[in-house]
Amino acid sequence: MNREYDTIVLGDCLELFKAIPSNSVDITFADPPFNLKKKYKTYHDDRAVQEYLDWCEQWITEMVRVTKPSGSLFIHNIPQWLTFYAAYLNKSAYFKHWIVWDAPTVPMGKSLQPAHYGILFYTKSAKGAKIYELRRPHERERRSGYLRKDYGGKKSLLHPFGPLVSDVWTDIHRIRHKTRRDEHPCQLPVHLLERILLMASDAGDTVLDPFSGTGTTAVAAKQLGRRYLGFELDEQYRRLSVQKLEQTRAHRTLKDKWVSWFLDEIVTLREADWEIIKDCFCIPQDSRLVDKQKIRLNAVFARR
Ligand SMILES: C[S@@+](CC[C@H](N)C(=O)[O-])C[C@H]1O[C@@H](n2cnc3c(N)ncnc32)[C@H](O)[C@@H]1O
């Protein structure tokens with residue numbers, strides 16, 4: 001049986017994967033339970049280590065199976081588990097990046113303070129996967145607006161929007177405000193998923209998330225004109241996602257190019273789109289002014 005897209009399905013992902021044909025999905029993204037005793041409504045996040053890892057290997061195998069030969073896989077977790085995941089994935093997919101998402105995580109005892117999550121980025125085939133270079137805004141001092149980084153005498157060469165995105169993501173923060181989060185212990189920010197989707201998919205492509213939670217991946221997909229399928233064990237989280245998705249609209253595009261927004265600011269765009277959309281911004285003649293303030297969108301292109 002083929003699954004319909006643009007829906008969140010209730011159930012155990014290992015069962016639901018069975019209905020997904022091999023080589024049929026453009027992107028698979030997983031943010032599984034971390035086995036850290038988090039308080040989910042249905043799932044018990046406290047398995048014996050080997051039991052947890054064996055279970056992970058099963059859904060990772062399914063992710064690889066359903067991903068198209070031109071597609072990519074992403075898995076978010078703490079480094080401790082990602083080292084095992086990489087060993088499973090190395091057997092049947094191709095390593096692209098270990099993305100460091102700079103965000104405080106759970107203390108692990110008397111050693112280094114963990115300060116990042118990892119996102120494994122693999123492609124199904126050795127060559128030919130869709131991968132787009134991205135740009136993000138320059139990091140600036142909050143009050144003065146000046147660039148945080150000292151570029152020395154090279155400021156005139158700076159890109160007016162911001163640098164290419166690297167494999168260390170410091171500019172996307174965990175959701176802190178209660179008003180912006182749902183009742184779920186580990187909801188990801190939507191613009192984190194949007195960055196992933198802009199990097200590795202096109203509008204109209206399909207995205208599958210086997211641990212949908214509050215539907216973050218689906219919301220990101222809908223906002224960027226992609227098709228989504230989510231699996232979720234808990235009915236309350238599924239219902240919440242469906243309600244959110246009903247309210248979700250596609251983002252406004254700039255000259256038909258998709259960009260990722262957060263609070264009315266563009267947080268990620270594609271390098272290849274820059275030449276087409278740069279007219280949408282007020283860019284100072286004197287490129288050294290990039291040092292002092294971020295470039296703004298022309299009023300007509302503003303999000304609202
Ligand atoms: C880390 S959370 C995902 C959070 C999600 N990324 C978000 O931003 O809301 C993991 C989710 O997987 C769900 N889950 C656990 N075991 C599952 C299974 N076997 N099949 C489907 N969903 C499962 C849990 O209920 C939980 O909502």
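User: What angle do helix α2 and helix α3 pack at, and how far apart are their axes?

Analyst: This is a predicted model, and in it helix α2 (residues 49–66) packs on helix α3 (residues 79–89) at an angle of about 45 degrees, with the axes 10 Å apart.

User: Why is α2 called oblique to α3?

Analyst: Check the angle against the cut-offs. Under 35 degrees would count as roughly parallel, and 65 to 115 as roughly perpendicular. The angle here is about 45 degrees, which fits neither class, so α2 is oblique to α3. The crossing of the two is right-handed.

User: Which residues of α2 and α3 meet?

Analyst: From α2 you get Leu-53, Cys-56, Glu-57 and Ile-60, and from α3 they meet Trp-81, Phe-84, Tyr-85, Tyr-88 and Leu-89. By class, the contact of α2 with α3 has eight nonpolar residues, no polar ones and one charged. Glu counts as charged, so Glu-57 is that charged residue.

User: Now α4 and α5. What makes α4 oblique to α5?

Analyst: Same kind of check. The axes of helix α4 (residues 190–200) and α5 cross at roughly 60 degrees and come within 8 Å. Roughly perpendicular starts at 65 and roughly parallel needs under 35, so α4 ends up oblique to α5. In the contact, α4 brings Val-190, Leu-193, Glu-194 and Leu-197, while α5 brings Thr-216, Thr-217, Val-219, Ala-220, Ala-221 and Gln-223. That contact of α4 with α5 divides into six nonpolar, three polar and one charged residue.

User: And why is α5 called roughly parallel to α6?

Analyst: Their angle is about 15 degrees, with the axes 10 Å apart. Angles under 35 degrees count as roughly parallel, so α5 is roughly parallel to α6. α5 passes α6 in a right-handed crossing. The contact uses Ala-218, Val-219 and Lys-222 of α5 plus Ser-241, Lys-244 and Leu-245 of α6. By class, the contact of α5 with α6 has three nonpolar, one polar and two charged residues. Lys counts as charged, so the two charged residues are Lys-222 and Lys-244.

User: On to the sheets. What makes β1 and β7 edge strands?

Analyst: First, the order: eight strands form an open sheet, β1-β9-β8-β2-β3-β5-β4-β7, with mixed pairing. β1 (7–10) and β7 (168–169) each pair on one side only, and that puts them at the edges. Elsewhere in the order, β2 (residues 25–30) and β3 (residues 67–77) pair in the parallel sense over five bridges. Thr-28 stands opposite Leu-73 in β3.

User: How do you know that β10 and β11 count as paired?

Analyst: Pairing takes at least two bridges, and three join β10 to strand β11 (residues 265–270), so the two are paired. They run antiparallel. One partnership to look for is Trp-261, whose bridge partner in β11 is Ile-266.

User: Why does one side of β6 and of β10 have no neighbour in the sheet?

Analyst: The sheet is an open one of three strands in the order β6-β11-β10, with antiparallel pairing. β6 (134–135) and β10 (260–262) stand at its edges with a single partner strand each, so one side of each is left without a neighbour in the sheet.

User: Last one: which residues are closest to the ligand?

Analyst: Cys-13, Asp-31, Phe-211, Gly-213 and Thr-216 are the closest of the 22 residues that surround the ligand. That shell divides into 12 nonpolar, six polar and four charged residues.

Definitions and conventions. Residues numbered from 1 in each chain as written. Predicted model: local features only at pLDDT ≥ 70, side-chain atom pairs only at ≥ 80, totals over all residues. Near = placed C-beta within 6 Å. Axes fitted to C-alpha atoms, helices over the stretch in contact; angles between N-to-C directions. Helix = DSSP H or I, 4+ residues; strand = E, 2+ residues; numbered from the N terminus. Parallel < 35°, antiparallel > 145°, perpendicular 65-115°, else oblique. Left-handed = near helix turned anticlockwise from the far one by under 90°. Contact = placed C-beta atoms within 7 Å.
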